[in-house]
Amino acid sequence: MALPGAEEGHYALALACVLALAQGVLPLWGAARRRRTLLELAPALCFAQLAALLLSFACLVISAVRDDFSVENVAANSALSKPLLYKITGVWGNHEGSILLWCLILAICGGAVAWFGRGLPLVLKARVLAILGAVSTGFQLFCLLTSDPFARVWPAPADGQGMNPLLQDPGLAFHPPVLYTGYVGFAVPFAFAVAALIEGRVDAAWGRWVRPWAVTAWCFLTLGIAMGSWWSYYVLGWGGYWFWDPVENASLIPWLTGTALVHSAIVVEKRDALRIWTVLLAIATFSFSLSGTFLVRSGILNSVHAFANDPARGLFILLLLALVIGGSLLLFAWRAPSLVSGGIFAPLSREGGLVLNNILLCALCAVVVTGTMYPPFMQILTGRTLSVGKPFFDATTIPLALPLMAAMAAGVLLPWKRGQMRPLLRRLRPAAALAFLGLIGGLATCTGIIPALCAAFAIWVIAGSVTDLALRLGLGRGHGMLKQRLPHLPRAVWGSAIAHIGAGVTVLGLTGMSQAQHRIVELGIGQSVHQGALDWTLTAIRQEKGPNYRATLADLTVSRNGREIAIMHPSRRDFTAQHQVTTDVAIRTNLLRDLYAALGESHGEGKAARHVLRLHVNPLAPWIWLGGVIMALGGALSLSDRRHRFGAPRKPGGQGAGRIARSPSGTADGTGRDPEGVAS
Amino acid sequence: MTIPSRRRLLMALPVAGAGALGLGCWKILSSMEEGGFDPRAIRTEAMRHPLPDFSLGGLPGAGEGFDTRTLSRTGEPVLVNFFASWCIPCVAEMDALRKIARFLPIWGIAYKDRPEDARRFVLRDGSPYRRIGLDPDGMTAIEWGVTGVPESFLVLPGGHIAWHASAALDARQFEEKVLPLTREAK
Amino acid sequence: MSTPSHDRPADRNPAREGPATNAGPDGGRRTATRRMTRKSRRLWLTLTCLICFSAATALVLNAFSSSIVFFMAPSQILARPPVPDRVIRLGGMVVAGSLRRTVEDNVPVNVFDVTDGQAAVTVRFSGILPDLFREGQSVVALGTFRPGHPFAATEVLAKHDETYMPREVAEALKRSGKWDPRFGKPPSAGSWDSMTRNEAREMTGRSAQ
């Protein structure tokens, strides 16, 4: 039997588009007309669309693996000599393929809602799926009409163009799927928000349904950002990890609002307040995800990681964005005023802390958006080209991040409803002491007051979370207390504490990295240089041949006081076919500091040859990404909490110490909310 | 149930903000499409500047070379087009150039190209160029401020650059942008 | 406007409902003071919002006035020199043959000229030039300028359009059906605009023989 090829893939994509359209229209119509059959059709359509897209994506992968260069996309991005792994991952390493992956992930999200959301009320579920279907339709149309991944070339070239060698890296290969899952995952809270607006009802149960989806997307986005940053640290060879590039900002902005969403959804769930705000955040987060990914592709934002600069495509995208974002915000403007607003609460309480967190996160987000959008807007208005870089973002984000961290530790130690100052201060005493020690330590080791402050606040956050856990476990109140409480402490509590600790770890890493020492030197063989209390000696330069490149390797011996501690091999790879040279960084880490060496160009011949080296000592650098992973783990842990499972728990009746979420009318599980008046 | 209008106004704020942003993006995109705005452009416009000094040898059998003097002393507008045989967008541009050549003389400059390659490239389906200069080391291209090939400049009699495109030309662009300028000049 | 039916009373006071984990001491004195409290709580919220966002605005405006980096071309920088300590981005093409490398105190120093076709500025940069840096290619240098001195660059970025090419290739392939094999293999995306002066020399040298 012949394997399916590009035509089958194209057909499956078109089929998926039609199915998505049906999924977007029929259930909404069913909900309006109260036709139960149409409502029940939604999950089926959703699965069918997912199956069609899976087939379509599989076809593209098959074309790439079989080196079918008559497919334009494969010809332009693959080559015979490419390893199999990169043939597969190369499928989403270009514009067309990544859009298809984007659509596929959106369909998977829809499928997940249909599968796990069995406890949801029928009408709500149908509406959520319909909205996901409508969004899918738009992007599949975009894929079909402007960036068809299955277009053929005739006659087929004998070999493909190959891929940018910089992208041939395992880290980058799996970065897009994770990041896209993060972006697209926020489509589910968005769909819930729009469905709630159509329905005209937002309550605690809604908050409980939305939260796991938001947390899942948030975990993936966190991981995706961490992976991207790690990639630029060890592949680009510039010694940096974050460049405030529009592409990076495009992922940071939804992360900020997504973090706010995850927190405000807690308030909706537990206190039935902040409802309209949470709906707006859900819409905003997905809108930012969309605009970020797509504006970058339209070429409006000038970026290092350039995508094809195609204004015509950009116009289509803008139209699509206007429909999705504009439509949902119009709906918001129309329906939100009639939603019943929740209560307003004491400033000194858990929910007060969460509100402060939301305000600060949104202020941060506003600052990053301003910094990202200002240059193109100013250019079109005044004609002057300007850019906004690290100094701008440092000057604006750090002063906002510090109070945010200050509130983080205090917030987790506050009770719901109304807290009191004195017990709070008593609880914060150990954290304050540790933070003070951190400040002293920071002042002693760091240059400048701001890194010291950041270190102190990071320790403050970590200590606050640990204190919270300790208090809940009753540590220090006898072994019996611990034994009794440990099994009953909800995983959500563990999760949030761990996520907060992760945030603290990341900030410590960033602080350490700001103290990195780096130097660019030019050495002959046998020469050494003193840098960061270490002696770096260049012992040899070797040439090696790789599969499709020539490599120049350096042997670099690092020693402290004459004792050798590491031998590093930074190298440069010359990809002759692509006329491109890449830098292969050598990193030696002991988790407390990274030794980082990159090899630059060589000048001169023979014995007199001198080699440029970039040497860094980066204290705490791995903590940046470690913190990201810890944050994502914390999120995953809180997802595994029984109360936060996708959909609503079927089993009524609270168990364990932490069962609290309950909407006042006694409809703890979604099944209590029957779709009103559905003809059955 | 009546809703205070203040509340309505508040809830309409997000859509207003998003609308403003969208409008800005649309404006940027449409001017990008017209070629008036390129977020990645990193040089000043060559427009309304006098011609740089250069002198290029010709491509035997395809067209004679030219220099600043010959270019500025033509009595009619000339389209100067930088191309290279190794540049695939140039291959794509050839069709449009052949059509344009019926209305406007085109002088080509072969950028970093081997003469025999350039000759084959130009003569394959009929040359659109009146004259062809060879710029093997790309120095003239630097003088003109070219960042890549293909690029085209409209030079008016007297030696003034009236228009510049840093991408492949097409018929629509030619009709909308270049033709009116040449009519003005005449 | 019709509001969908609600299964609970519309005006609910959260202080009364919604069970919480660590129910704080919330005494029975709420009925008398609720109005007041509600008002003052709203005031708190509004104030916090106002403070945070005005702080953000102030920070942004302050940063705009001090850390925005303007882009300038060589002719602009010579015609209107910027304030000496102001960081600017200088963009243009590297003049072919202008790159000189020296080593000062084990640190490599690169000196090259950047032109926009009308004027050229000498740039001095100590460090590793990016992999995509080529003579005759576009670069952006970040640094400060004082008239009479070379532009002191702290960072040099080479502009590249790796992904610009494939689409054009696709377009070209579509329009012309194929590339002409007589002109050789189509160059890869990375190479078509990154041929250096030396390569061009090599080519012309070879063709002259």
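This tour goes through a predicted model, moving from one selection to the next.

**Confidence in chain A**

Begin by selecting chain A and colouring it by pLDDT, for which the mean over the chain is 85, with 90% of the residues reaching 70 or more. Then select residues 303-308 of chain A, where the pLDDT is below 50, although this stretch still has 18 contacts in the model beyond near neighbours in sequence. A further stretch to pick out is residues 647-680 of chain A, where pLDDT stays under 50 and for which the model has 78 contacts beyond four places in sequence. Where pLDDT is low, the predicted coordinates should not be read in detail.

**A helix residue and a partner far along the chain**

Next, select helix α2 of chain A, which covers residues 36-65, and within this helix find A44(A). Is A44(A) buried or exposed? A44(A) counts as partly exposed, because 13 C-beta neighbours lie inside 10 Å. If you add A554(A) to the selection, you have two residues that are 510 residues apart along the chain, and their C-alpha atoms are separated by 59 Å.

**The four-stranded sheet**

Now turn to the open sheet of chain A, whose four strands follow the order β2-β11-β10-β9 with antiparallel pairing. At its edges are β2 (517-524) and β9 (586-589) of chain A, each of which pairs on one side only. From one strand to the next, the twist averages 20°.

Within this part of chain A, select strand β10 (residues 593-603) together with strand β11 (residues 610-619), which run antiparallel and are joined by nine bridges. On this pair, A597(A) can be found opposite L615(A) in β11(A).

Move from there to β9(A) and β10(A), an antiparallel pair joined by four bridges, where T589(A) has D594(A) in β10(A) as its bridge partner. The hairpin formed by β9(A) and β10(A) has three residues between the strands, and L591(A) in this hairpin takes a positive phi near 70°.

**The nonpolar cores**

To look at the interior, select L106(A), A187(A), F192(A) and V279(A), which are the residues with the most contacts inside the largest nonpolar core, a set of 204 residues. Which helix gives the most to this core? The answer is helix α10 of chain A (residues 204-234), with 19 residues. Centring the view on V279(A) and leaving aside its neighbours within four places in sequence, you will find V279(A) in contact with A193(A), A196(A), L197(A), V202(A), F332(A) and A336(A). There is also a second, separate core of 44 residues, which includes V612(A) as well as V121(C), L142(C) and V156(C).

**Chain B**

Select chain B next, where you can trace six helices and six strands. Followed from the N terminus on, the elements of chain B run α-β-α-β-α-β-α-β-α-β-β-α. Chain B has 186 residues, of which 46% count as buried. Among the contacts in chain B between residues at least 6 apart in sequence, 74% join residues at least 24 apart.

**An annotated stretch of chain C**

Finish with residues 43-73 of chain C, which UniProt lists, in an unreviewed entry, under "transmembrane region". Over these residues of chain C the model is 81% helix and 16% strand, and the C-alpha atoms at the two ends are 51 Å apart.

Definitions and conventions:
Residues numbered from 1 in each chain as written. Chains lettered and ligands numbered in written order. Predicted model: local features only at pLDDT ≥ 70, side-chain atom pairs only at ≥ 80, totals over all residues. UniProt positions renumbered as here; feature names shortened; annotations may be inferred. pLDDT = per-residue confidence, 0-100. Contact = placed C-beta atoms within 7 Å. Buried ≥ 20, exposed ≤ 12 C-beta atoms within 10 Å, placed from the backbone. Pairing = 2+ DSSP bridges. Axes fitted to C-alpha atoms, helices over the stretch in contact; angles between N-to-C directions. Core = buried A, V, L, I, M, F, W, Y, C linked by C-beta atoms within 7 Å.
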